[in-house]
Amino acid sequence: MKPLADCRLYTFVDTAYLHGRDPAVVAQQLCEGGSDLIQLRAKDVPRDEVRRLAEVIQPITKRAGVWLVINDHLAIAREVGAEVCHLGQEDFFDAGFTKVSQLGIPHSALRIGLSTHAPPQCERAVAAGSDYVAIGPVYPTGTKPTARPVTLDYVRWAAASVTVPWFAIGGINLTTLDDVLAAGARRICVVSAILNAPDVAAECRKFRSQLDRV
Ligand code: TZP
Ligand code: MG
């Protein structure tokens, strides 16, 4: 498994975009396409089903040497032995936490990633001890339709200011990617542009090679 700082392509098994496909097959295709991290994102899915999906995906990412990230569900991340749990501002700060250490996990056992939408949120996420931060949504996105886009200004700020690994997210596709890279991002999260493609592995490889050029 690569060090987190060397990870650049962060992809998703998002239940909203499975379109009837087997999550295990999608996870395998994302691995074959060169993903460095894969997040299980299952909004409005019952906990037992999220846990079942996590158990299905975990051996696949493990075998491929890809980091598994569980969105929202810290306990499931621990139960299945995922490498990372990703939490939003509301899951972490609004729930009363200020330090990752307050989550009660040995830091080395499970990494924590936090979403951020503005510089002050990013500064407090880094100060809280998060292992990485997400910077976005850069562009409007149907994956998170109510979120206000942060624009490339926030990406440029991150490139100049953030000291932990950070990933640009939101509306990144093969067309917008060049501008995101030009703004200073070196790591990206991609949900719909990969999962809506007919060939997930091939689409993933296109992002990989565009990333590898910079
Ligand atoms: N957080 C900020 S934007 C976003 C999340 C989970 C969704 C990104 O999805 P897409 O489809 O790559 O725009
Ligand atoms: Mg969340």
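The buried residues of helix 1 are covered by elements that include strand 1 (9-14), strand 2 (37-41), helix 2 (47-64), helix 8 (192-195) and helix 9 (200-212). The structure is a predicted model. This briefing treats helix 1 and its ends, the magnesium ion (ligand 2), the surroundings of ligand 1, and several individual residues of the backbone and interior.

**Helix 1**

- Helix 1 spans residues 23-32, and its buried residues are Pro23, Ala24, Val26, Ala27, Leu30 and Cys31.
- These buried residues line one face of helix 1, because they fall within an arc of 160° when seen down the helix axis.
- In general, residues three or four places apart in an α-helix point the same way, because there are 3.6 residues a turn.
- At the N-terminal end, helix 1 is capped by Asp22, with a side-chain oxygen 2.8 Å from the backbone nitrogen of Ala24.
- After helix 1 comes Gly34, which has a positive phi near 100°.

**Magnesium ion (ligand 2)**

- Two aspartates, Asp72 and Asp91, are the protein donors of the magnesium ion, each through OD, at 1.9 to 2.2 Å.
- The two donors join distant parts of the chain and stand 19 residues apart.
- Asp72 belongs to the loop between strand 3 (67-71) and helix 3 (74-80), whereas Asp91 belongs to helix 4 (residues 89-92).
- Asp72 has a relative accessible area of 27% and is therefore partly exposed.
- Asp91 is likewise partly exposed, its relative accessible area being 25%.

**Ligand 1**

- Ligand 1 is surrounded by Arg41, Pro137, Thr141, Thr143, Lys144, Ile169, Gly170, Gly171, Val190, Val191 and Ser192.
- The side chain of Ser192 places an N or O atom 2.5 Å from an oxygen atom of ligand 1.
- Backbone atoms also take part: an N or O atom of the Gly171 backbone is 2.7 Å from a ligand 1 oxygen atom, and a polar backbone atom of Val191 is 2.9 Å from an oxygen atom of ligand 1.
- The protein buries 95% of the 380 Å² that ligand 1 exposes when taken alone.
- Pro137, one of the residues around ligand 1, follows a cis peptide bond from Gly136, with omega near 0°.
- Pro137 is located in the loop between strand 6 (132-135) and helix 6 (151-161).

**Positive phi outside glycine**

- His19 is not a glycine, yet its phi is positive, at about 50°.
- His19 sits in the loop between strand 1 and helix 1, and it is exposed, with a relative accessible area of 55%.
- Asp44, also a residue other than glycine, has a positive phi near 60°.
- The loop between strand 2 and helix 2 contains Asp44, which is exposed at a relative accessible area of 83%.

**A buried glutamine in helix 2**

- Gln58 is part of helix 2.
- With a relative accessible area of 18%, Gln58 counts as buried, since the cut-off for that class is under 20%.
- Leaving aside residues up to four places away in sequence, Gln58 touches Leu68, Val80 and Gly81.

Conventions. Residues numbered from 1 in each chain as written. Chains lettered and ligands numbered in written order. Predicted model: local features only at pLDDT ≥ 70, side-chain atom pairs only at ≥ 80, totals over all residues. Heavy atoms only, no water. Buried < 20%, exposed > 50% of the residue type's maximum accessible area, 1.4 Å probe, protein only. Helix = DSSP H or I, 4+ residues; strand = E, 2+ residues; numbered from the N terminus. Arc of directions from axis to C-beta. Contact = heavy atoms within 4.5 Å. Polar contact = N/O pair within 3.5 Å; in protein donor to acceptor, adjacent residues only side chain to side chain. Donors = N, O, S within 2.8 Å, 3.2 Å for Na, K, Ca; no water. Near = heavy atom within 4 Å. Areas by Shrake-Rupley, 256 points an atom, 1.4 Å probe, with all protein chains shown as cover.
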